[in-house]
Amino acid sequence: MGMTIVDIARIAGVGVSTVSRVINNHPDVKYETRERILDIIRENNYIPNNSARVLKQTNTNNIGILIRGVFNPFFAALLKNISMSIEKAGYSIIVHYHNNVDDVSTLVGFAKEKRLQGVICLGGNFIGINEESFQGLDIAIVMISVDFKQPKTWKNFSTVSISNEKAGYKATAYLIEKGHKEVAIILGNKQDYSIGKLRYEGYKNACKDYKIKHNLNYVIYGNYDTALSYERTKKFLAVNPQITAIFATADTMAIGAAKAIVDLGYKVGDDISVMGFDGIDIASYYNPSITTIEQPQDELSAVSVKLLIGLLENKVENQHIVLETKLVEGDSVKEKKN
């Protein structure tokens, strides 16, 4: 007599109803439990009637967009362009926002649960992973705004990015060339080992090349949040009045810093210059407009979608594309007064 659903439930340590929900692809089962049950089913060659579809990735028309963080104006602009392009190509979009520490498990769970054909990742930390981390996930994956230093030979992974270190250097060098020697930097958080770290490396390298002492106390952590950047910049400047410029590694944080400067009685640009990063629309409408490192939003969107569709249709192979940034001058940075 072959294995029954009762046997599967006993081995998995769950109820028969839970196994039934997995077999019938109901969504209300934890990812870990679902995978454990499916593994047992595969190992024992148990194929229920009319349920073989559960044991394989079916050909859906779904493309997933996995977004790190709840709201990011830069990602929001990318998402709008990417969604329109993918739907125009005849695919459906499933968007998933997350704040989980483990980006890899989130990606794997999302792809398997939704039976995705491909995924575009906006942000995330994929440092120190290996191919085994993805548990045999055999779909096209394109990562945007991610520091992905794994071997470029990995067959399922492509990247479309900028050189974050080079851009961080460009921003800092611009401030220094304007006469600023006391330059603070606003980073996301201490656990940011991805793009934020690279922008910080660019900042440190510029300080070194221009013979400016890198002061560890000149680091503010704004967690990519405008309100938090405002509060922390205000406290920082209260005890560091010698600062004449601030490089925020995201425009959202630059706007918070600019507001803090004003509320402390200083003038943005005239007294303390502010440099942003990303080139989001609101930065240009802030008063004064924020000088920023502009990422090529339209190009990032178009190139990533074209690459993903090409991979899905077997027209291209893995690619790792690096796009250029542009320094856009606003009114928030001025020559340092003597």
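I take contact to mean heavy atoms within 4.5 Å. On that basis I looked up how far along the sequence the contacts of this chain reach: of those with a separation of 6 or more, 69% are between residues 24 or more positions apart. I note at the outset that the model is predicted.

**Entry 1. The whole chain**

I counted secondary structure and found 11 helices and 12 strands. The chain has 338 residues, and 49% of them count as buried. I then looked up the accessible surface, which comes to about 16500 Å². Carbon and sulfur atoms hold 49% of that surface.

**Entry 2. The parallel sheet**

I traced an open sheet of six strands with parallel pairing, in the order β2-β1-β3-β4-β5-β11. At its edges I found β2 (92-98) and β11 (320-323); each has a single partner strand, so one side of each is left without a neighbour in the sheet. From one strand to the next, the twist averages 15°.

I looked at one pair in detail. Strand β4, residues 140-144, and strand β5, residues 157-162, are joined in the parallel sense by four bridges. Which residue of β5 is the bridge partner of I141? I found F157 there.

Next I checked the helices on this sheet. Helix α4 (residues 73-88) lies across β1 (62-68), β2, β3 (118-122) and β4, and I read its angle to β1 as about 175°. Helix α5 (residues 103-113) also packs on the sheet, where it touches β1, β2, β3 and β4. The direction of α5 makes about 155° with that of β1.

**Entry 3. S161 in β5**

I picked S161, which sits in strand β5. Is S161 buried or exposed? Its relative accessible area is 12%, and the cut-off for buried is under 20%, so I entered S161 as buried. Leaving out residues up to four places away in sequence, I listed V146, L300, I321, V322 and L323 as the residues that S161 touches. I321, V322 and L323 fall in the range 320-323 that I noted for the edge strand β11.

**Entry 4. The mixed sheet**

I traced another open sheet, also of six strands, in the order β7-β6-β8-β9-β10-β12; here the pairing is mixed. Strands β7 (219-221) and β12 (326-328) are at its edges, and each pairs on one side only. With direction ignored, neighbouring strands are turned by 20° against each other on average.

Within this sheet I looked up β6 (residues 183-187) and β8 (residues 245-248), which run parallel and share four bridges. V183 has A245 of β8 as its bridge partner.

I then looked for helices on this sheet. Helix α6 (residues 164-177) packs on it and touches β6, β8, β9 (273-278), β10 (291-294) and β12. I read about 160° between the direction of α6 and that of β9. Helix α7 (residues 195-209) lies across β6, β7, β8 and β9 and runs at about 170° to β6.

**Entry 5. I195 in α7**

I195 belongs to helix α7. I entered I195 as buried because its relative accessible area is 12%. I also looked up its distance to S145, which is 50 residues away along the chain: the C-alpha atoms are separated by 7.2 Å.

**Entry 6. K267 in a loop**

I located K267 in the loop between α9 (251-263) and β9. Its relative accessibility is 54%, so K267 counts as exposed. With residues up to four places away in sequence not counted, I found that K267 touches I261 and I272. S332 is 65 residues from K267 in sequence, and I read 9.2 Å between their C-alpha atoms.

**Entry 7. Helices α1 and α2**

I turned to helix α1 (residues 5-12) and helix α2 (residues 16-23). At what angle do their axes cross? I read roughly 105°, with the axes coming within 8 Å. That crossing makes α1 roughly perpendicular to α2.

I listed the residues that make the contact: I5, V6, I8 and A9 from α1, and V16, V19, S20 and I23 from α2. Sorted by class, the contact has seven nonpolar residues, one polar residue and no charged residues.

Methods. Residues are numbered from 1 along each chain as its sequence is written. This is a predicted model: local features need pLDDT of at least 70, side-chain atom pairs count only at pLDDT 80 or more; totals for chains, interfaces and linings use all residues. Side-chain values use heavy atoms; hydrogens and water are left out. Two strands pair if DSSP finds at least two bridges between them. Helices (H or I, at least four residues) and strands (E, at least two) are DSSP runs, numbered from the N terminus. Axes are lines fitted to C-alpha atoms, for helices over the stretch in contact, and angles run from 0 to 180 degrees between N-to-C directions. Buried means under 20% relative accessible area, exposed over 50%, partly exposed in between (1.4 Å probe, protein chains only). Accessible areas come from the Shrake-Rupley method with a 1.4 Å probe; for residues, only the protein chains shown count as cover. Angles under 35 degrees count as roughly parallel, over 145 as roughly antiparallel, 65 to 115 as roughly perpendicular and the rest as oblique. Ala, Val, Leu, Ile, Met, Phe, Trp, Tyr, Cys and Pro count as nonpolar, Asp, Glu, Lys and Arg as charged, and the others, Gly among them, as polar.
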